[in-house]
Amino acid sequence: MSFTIGAGAETNTLPVPSFQGQALHLTVSTIGAGTRAVTVAASINAAGNTVMTFNAAGDWIKLEGVRVGANMRWRVMANDGVALS
């Protein structure tokens, strides 16, 4: 999914994946003066990060759905320019 960031701060929420192996590639095509923060319903890495902040054209992240115990989680497979917190 590619998106455009406008002049202000924008936020979105991403639910956990539906199935193991589900892939999601988020990229910024164009950007104004703002940022976009995508909050995930569960941690996306071992550090426990749940927020991805995009602030430049070309920022991208690839996530994959994995099963952790009985729960589905996104895990970062690759990242270029996206700040995690």
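**Exercise 1.** In which sense do strand β4 (residues 36-40) and β5 pair, and over how many bridges?

*Solution.* The model is a predicted one, and the pairing is read from it in steps. Strands β4 and β5 pair in the antiparallel sense, and four bridges join them. At the level of single residues, A37 has T53 in β5 as its bridge partner.

**Exercise 2.** Place this pair of strands in its sheet, and identify the edge strands.

*Solution.* The sheet is open, has four strands with mixed pairing, and follows the order β2-β4-β5-β8. Its edge strands, each of which pairs on one side only, are β2 (10-14) and β8 (83-84).

**Exercise 3.** Locate F54 in the strands, and decide whether F54 is buried or exposed.

*Solution.* F54 belongs to strand β5, which covers residues 51-54. The relative accessible area of F54 is 0%, and because buried means under 20%, F54 counts as buried. Across the sequence, F54 and V82 are 28 residues apart, yet their C-alpha atoms are 5.2 Å apart in space.

**Exercise 4.** Relate F54 to the largest nonpolar core, and trace which strands supply that core.

*Solution.* The largest nonpolar core has 13 residues, and F54 is among those with the most contacts inside it, together with L14, M52, I61, L63 and W74. At least two residues of this core come from each of β3 (23-31), β4, β5 and β6 (60-68), and β3 gives the most, with three residues. As a general background, nonpolar side chains tend to be buried together in soluble globular proteins.

Terms used. Residues numbered from 1 in each chain as written. Predicted model: local features only at pLDDT ≥ 70, side-chain atom pairs only at ≥ 80, totals over all residues. Heavy atoms only, no water. Buried < 20%, exposed > 50% of the residue type's maximum accessible area, 1.4 Å probe, protein only. Pairing = 2+ DSSP bridges. Core = buried A, V, L, I, M, F, W, Y, C linked by side-chain atoms within 4.5 Å.
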